Structures are given as structure tokens and as C-alpha cells.
Amino acid sequence: MGIFIKNRAVILFAPETERKKMSQDNAKVVREFADEVITNGKIETASHYAWEDVVEQVSLPGQGPGLDGLKDIIRAMRTGFPDLVFSIQEQITENDKVASRFEWTGVHKGEFLGIPATGQSVRVWGIVIDRLEDGRIKDTRILMDTLGLMTQLGVLPAKS
């Protein structure tokens, strides 16, 4: 940690190597969360990766607040798609933020967002931007191709 004084203000800054290590560590936390909690369904371990008061900036329909809301939506996804595999394709990090481009796949074998099981295989892409504090996710913003998901499930007509 470095100190810089300008106009009587003290500014603390992390050297480049320290910021790079923090970014790499944060990216690892996000990847482990995706693997352990989402893909492997170990939902109760979510508290190792996210704070109790985690804020979902763009919540899915019916998602409640905080860690409990996050766990509930993951349970709902795994109920609808019990073989769900959440795969991070690439990540970009900067300081306390991690942007991850992802894809998830699964077969719709249970109700999801009020849609009864269709037996359809789906492949859904998206981007999630996580901000971490002290090695855990503090807030998150997920942008997912929900329209594509609904089309794959047959809820919306496919483009002709």
C-alpha cells in the first residue's frame, strides 16, 4: 500500500502488483462460486463466496434480497434444470470488479419461472459483473439472454 499526499489530502493506493493480485484472487472467487454453488449445487456454501447482504442489481423475477434471495434463485434454477452446468468463458478484472462472460446449459426437467418442465435442452449466454469486498461478492449484476431461454423453452415463438 502506498501513500500520496496532494493538497493536504492523503490518498492511499495499492501498487500495480497488489491490484493485479487482488483482481486475480477476485476472479478465482467468482469461478469457484460458479463451480461449487451453481454447477455442483452446493448452495449452502454460498456464504463462503457472498456477503449476507449481497445486492443483486438486476434480480430475476421472484428473487428476494440478500444471500437468501440469491440461494433461492439458484435452487429454482437447479430445480428447473437439475443437470445445469454454469461455465465461465472469459473474465475481465479491474480492482474490486470482475466481469464474467458465461454460458449455462441444462435440460428443463422441472418448473422454472412458472414454466412447467418441457424436456428441452437449453444453452443460455450472459454476462455478470461482480464487485467484491474482502474476498466475497458484495454486489452483482447479471445480464442474461432470458428471451433466448424463453424461445428455447417454446414459451415464445422461434424466429422464422
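A salt bridge, as the term is used here, is a side-chain nitrogen of Lys or Arg within 4 Å of a carboxyl oxygen of Asp or Glu. In this predicted model, E44 and K71 form such a salt bridge, with their closest N and O atoms 3.2 Å apart. Because E44 lies in the loop between helix 1 (16-39) and strand 3 while K71 belongs to helix 2, the pair ties together parts that are 27 residues apart in sequence. The chain around this pair has three helices and seven strands, which follow one another from the N terminus in the order β-β-α-β-α-β-β-β-β-α. Of its 160 residues, 38% count as buried.

**Strand pairing**

- Strand 5 (residues 97-107) and strand 6 run antiparallel and are joined by 11 bridges, and within strand 6 the residue that stands opposite W104 is V124.
- Strand 6 (residues 121-133) also pairs with strand 7, again in the antiparallel sense, over eight bridges; V128 stands opposite I142 of strand 7, and R131 stands opposite D139 of that strand.
- The hairpin formed by strand 6 and strand 7 has two residues between the strands, and in this hairpin D134 takes a positive phi near 50 degrees.
- Strand 7 (residues 136-144) pairs with strand 3 (residues 50-56) as well, here in the parallel sense and over three bridges, with D139 of strand 7 serving as the bridge partner of V55.

**The two faces of strand 6**

- In a regular strand the side chains alternate between the two faces of the sheet.
- In strand 6, the covered face is made of V122, V124, G126, V128, D130 and L132, whereas the uncovered face holds S121, R123, W125, I127, I129, R131 and E133.
- D130, which belongs to the covered face of strand 6, has a side chain joined to that of T140 by a polar contact of 2.5 Å.
- T140 is found in strand 7, and with a relative accessible area of 7% this residue is buried, because the cut-off for that class is under 20%.
- I127, a residue of strand 6, counts as partly exposed because its relative accessibility is 36%, a value between the 20% and 50% cut-offs.
- Together with V58, I129 and L143, I127 makes a nonpolar surface patch of about 280 Å².

**Helix 2**

- Helix 2 (residues 66-80) has 15 residues, which at 1.5 Å a residue should span 21 Å; its end C-alpha atoms are 22 Å apart, so the expected and the modelled lengths agree.
- The buried residues of helix 2 are G66, L67, G69, L70, K71, I73, I74, M77, R78 and G80.
- An α-helix has 3.6 residues a turn, so residues three or four places apart point the same way.

**Salt bridges**

- A search of the whole structure finds nine salt bridges, among them the E44 and K71 pair described at the start.
- The two partners of that pair differ in their surroundings, because E44 counts as exposed at 51% relative accessibility, whereas K71 is buried with a relative accessible area of 10%.
- E44 and K71 also belong to a network of salt bridges that links them with D72 and R75.
- The side chains of K138 and D53 meet in a salt bridge at 2.8 Å, N to O, and this pair links distant parts of the chain, since K138 is in strand 7 and D53 in strand 3, 85 residues apart.
- K138 counts as buried because its relative accessibility is 17%, while D53, with a relative accessible area of 44%, is partly exposed.
- The side chains of R131 and E133 meet in a salt bridge at 3.0 Å, N to O; both residues are listed on the uncovered face of strand 6, and E133 is partly exposed, with a relative accessible area of 32%.

Definitions and conventions
Residues are numbered from 1 along each chain as its sequence is written. This is a predicted model: local features need pLDDT of at least 70, side-chain atom pairs count only at pLDDT 80 or more; totals for chains, interfaces and linings use all residues. Side-chain values use heavy atoms; hydrogens and water are left out. Two strands pair if DSSP finds at least two bridges between them. Helices (H or I, at least four residues) and strands (E, at least two) are DSSP runs, numbered from the N terminus. The expected span of a helix is 1.5 Å times one less than its number of residues. Buried means under 20% relative accessible area, exposed over 50%, partly exposed in between (1.4 Å probe, protein chains only). Patches are made of residues with over 30% relative accessible area and no salt bridge: like charges are joined within 9 Å, nonpolar side chains (Val, Leu, Ile, Met, Phe, Trp, Tyr) within 5 Å. Accessible areas come from the Shrake-Rupley method with a 1.4 Å probe; for residues, only the protein chains shown count as cover. A polar contact is a pair of N or O atoms within 3.5 Å; within protein, one must be able to donate a hydrogen and the other to accept it, and residues adjacent in sequence count only if both atoms are side-chain atoms.
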